[in-house]
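Open the model in your viewer and keep the selection tool at hand. The stops below can be followed in order.

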Amino acid sequence: MFHIRFFPVFAAAILSGCLGKSRVVSVNDAQTGLPIEGAFIYAADCDMLNPFNTHGLYKSDSNGLTPISERGRVIYVLAGKEGYSLWRTNESVDKGDFLETRINLKKEKEKSAYKARTEYFKRFPSDAESQKIASEIKSYFAKRNTRIIFYEDYDKIADSKIRVVDSETKEPIKSAMLLITVWAPHFSTKELLVETDEDGTATVSLEQEYQFSFIKTGKEGYFPSNRFKKDEYRHNLYNVELAKTGLPTDTSLKLYVSNKKKFSKAPTDIPLWERYKTYIRSVGGDIFYSLDD
């Protein structure tokens with residue numbers, strides 16, 4: 001997800017002599033070696049010791065060159081142009097009077113479909129020239145099914161959709177129940193119980209740092225399932241199939257929850273949970289509590 005490679009702390013002392021030197025990015029065709037004019041460039045100072053962490057947007061000139069303002073020990077550079085694949089690096093070469101970051105763009109093969117991807121940036125500068133380059137970058141990524149997220153927005157709410165279908169007919173299943181366990185860094189977890197709509201889809205709103213780790217799905221007349229698959233070509237879409245025939249697995253019959261108040265064995269005033277408890281027991285399953293509230 002995060003493509004920047006930070007140098008170890010001890011390397012900072014070795015590289016300290018590079019601070020203050022001017023930096024140049026050169027963009028070239030990987031096959032011909034010729035300079036590429038008009039490539040967009042995103043450069044960010046990723047030195048953890050630098051409290052300012054500057055970043056900027058640039059375009060290469062007719063010689064494939066552009067000077068950049070960043071002066072940190074480590075500079076992350078991303079570059080691209082329509083017709084070429086994206087290139088990123090944090091390596092540079094000391095040319096004596098300046099440091100050069102060399103970018104070698106490869107011709108991109110045409111594709112009928114691109115897998116859904118995400119790129120992370122610091123928020124683009126607001127000046128007119130930068131915004132013009134930003135529009136080009138956004139267009140480039142949009143054509144390649146790539147979503148842009150700014151680090152400042154990383155903890156904001158994002159909707160994920162989970163679609164449940166019949167394994168044989170592939171028709172959507174209305175009112176399927178999904179017990180979802182999600183995790184975040186530092187061992188933080190959250191449990192949600194949701195229900196699919198008319199289109200067999202449930203929408204879950206979560207902070208973007210959370211990731212699905214477990215989805216247990218079921219509905220009356222179907223066997224429960226722990227399996228789900230992320231759609232490679234659509235952002236934040238997960239697919240689940242339920243079968244009417246076959247046998248549930250041992251793991252699908254065991255329901256683990258941690259919140260005793262919300263998911264109590266005792267009767268609650270939550271209709272969906274009471275329905276789910278009845279369903280799990282009807283297929284021979286049981287409920288286990290791993291943690292107290």
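This is a tour of a predicted model, going from one strand to its partners, then to a core, a pocket and a separate sheet.

**Stop 1: strand β17 and its partners**

Select residues 237-242, which make up strand β17. Now add residues 157-166, strand β11; the two strands run parallel and are joined by six bridges. To see how they line up, pick I162, which stands opposite Y238 of β17.

Next add residues 229-230, strand β16. Here the pairing with β17 is antiparallel, with two bridges. Which residue of β17 is the bridge partner of K230? Y238 is the partner, and Y238 also stands opposite I162.

Colour the turn between β16 and β17: these strands form a hairpin, with six residues between them. Within the turn, stop at N236, where phi is positive, at about 55°.

**Stop 2: the nonpolar cores**

Keep I162 selected and add V164, L178, I180 and V204. These five have the most contacts inside the largest nonpolar core, a set of 18 residues. Which elements give two or more residues to this core? They are β11, β12 (177-184), β13 (188-195), β14 (201-207) and β17. Another core, of 16 residues, lies apart from it; to find this one, select A44, C46, F121 and I133, which are among its members.

**Stop 3: a pocket beside β17**

Go back to β17 and show the second largest pocket, with a volume of about 330 Å³. It is lined by 19 residues, and P224, S225, N226, R227 and E241 are the closest to its centre. Two elements, β17 and α3 (250-253), each give two or more residues to the lining. The most come from β17, which gives four. Colour the lining by residue type to see eight nonpolar, eight polar and three charged residues.

**Stop 4: an open sheet**

Finally, select strands β4, β1, β8 and β7, which form an open sheet in the order β4-β1-β8-β7, with mixed pairing. Why does one side of β4 (65-68) and of β7 (93-94) lack a neighbour in the sheet? Both strands stand at the edges and have a single partner strand each, so one side is left without a neighbour.

Zoom in on β4 and on β1, residues 22-29: they pair in the antiparallel sense over four bridges. One pair to label is S26 with its bridge partner in β4, L65.

Conventions
Residues are numbered from 1 along each chain as its sequence is written. This is a predicted model: local features need pLDDT of at least 70, side-chain atom pairs count only at pLDDT 80 or more; totals for chains, interfaces and linings use all residues. Side-chain values use heavy atoms; hydrogens and water are left out. Two strands pair if DSSP finds at least two bridges between them. A nonpolar core is a set of buried Ala, Val, Leu, Ile, Met, Phe, Trp, Tyr and Cys residues joined through side-chain atoms within 4.5 Å. Buried means under 20% relative accessible area, exposed over 50%, partly exposed in between (1.4 Å probe, protein chains only). On a 1 Å grid over the protein atoms alone, a cavity is a set of points where a 1.4 Å probe fits but cannot get out, and a pocket is an open set with protein on both sides within 12 Å along at least five of seven lines; lining residues have an atom within 4 Å of a point. Grid points are joined across faces, edges and corners, and a volume is the space filled by probe spheres set on the points. Ala, Val, Leu, Ile, Met, Phe, Trp, Tyr, Cys and Pro count as nonpolar, Asp, Glu, Lys and Arg as charged, and the others, Gly among them, as polar.
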